[in-house]
Amino acid sequence: MLNRKQSSKRKADKSEEIQAEAEQAQKEKAEQAEAESAELTQDAGQESEVDGVESSSQEPESSQRIADLEAENAKLNDRWLRLQAEYDNYRRRSQDELSRRYEDALIDVATAWLPVLDNLDRAEAAAAEIESADGEKVAEGIQLVKRQAKETMERLGITEIACVGESFDPAWHEALHHIETEDYGENEISQVFTKGYKKGERVIRHAQVQVAN
């Protein structure tokens, strides 16, 4: 009887020991799983922090790069505008210089040609005093040449300065003589000694005139 009780007790103790070992193993397994889960969570948090740091560090770098590019673009645009303005000024100055040289050359030629026109006027006056058929033909020929010369001068923009009946203007006229007469108004031109010519507002030769009153 005693041996049977002892055998039953040993079996019970053995069962309790096995159960305790099983519980301990399960507990250790649960703790290990919990530790692994915590480790994974920590690693994920660290990776998230690293990504956040990298993202936050890259963001100001990207913004700075954009700002640098915009500044460089503005600088290049300003330089282009300056070059464009300089080119426009250079082209305008070149055109003005060419126009001025052309006008100077034209006026030089016209100045040299004016004595020929003066002689045509004198020849016409002399031919008009000849009282013959030949004299009339000579006068007509001179008038034709004068008309052609005048038309040529006008095509070049050179015109005769208005005189008789106009008010004296020192910008256009040169007074050589002064008279008192009731036939003309005050400071009015009564006679022309030498015709004057101009191109636009530029005087080629002042008209030499007589001024009344």
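1. In this predicted model, β3 and strand β6, the latter covering residues 207-212, pair in the antiparallel sense over five bridges. One contact that can be followed by eye is that of Val 192, whose bridge partner in β6 is Val 209.

2. The pairing belongs to an open sheet of three strands, which has the order β2-β6-β3 and mixed pairing. Because β2 (173-179) and β3 (188-194) each have a single partner strand, they stand at the edges, and one side of each is left without a neighbour in the sheet. Neighbouring strands of this sheet are turned against each other by 35 degrees on average, with direction ignored. As general background, strands of a sheet pair through backbone hydrogen bonds, and they do so in either a parallel or an antiparallel manner.

3. As for ring contacts, the charged end of Lys 198 sits over the ring of Trp 172, at 4.7 Å from its centre. Pairs between aromatic rings, when rings are counted as paired only if their centres lie within 6.5 Å, come to zero.

4. The largest pocket holds about 180 Å³ of space. The elements that each give two or more residues to its lining are α1 (2-128), α2 (133-155) and β1 (158-160), and α2 gives the most, with four residues.

5. In character, the lining of the largest pocket divides into five nonpolar residues, one polar and six charged. Among the lining residues are Leu 117, Leu 120, Asp 121, Lys 146, Lys 150, Met 153 and Glu 154, and the list also includes Thr 159, Lys 195 and Tyr 197.

Note on methods. Residues numbered from 1 in each chain as written. Predicted model: local features only at pLDDT ≥ 70, side-chain atom pairs only at ≥ 80, totals over all residues. Heavy atoms only, no water. 1 Å grid on protein atoms, 1.4 Å probe; cavity = no way out; pocket = protein on both sides within 12 Å on 5 of 7 lines; lining within 4 Å. Points joined across faces, edges and corners; volume = space filled by probe spheres on them. Nonpolar A, V, L, I, M, F, W, Y, C, P; charged D, E, K, R; others polar. Phe/Tyr/Trp six-rings, centres within 6.5 Å; stacked < 30°, edge-to-face > 60°. Lys NZ or Arg CZ within 6 Å of the ring centre and 35° of its normal. Pairing = 2+ DSSP bridges. Axes fitted to C-alpha atoms, helices over the stretch in contact; angles between N-to-C directions.
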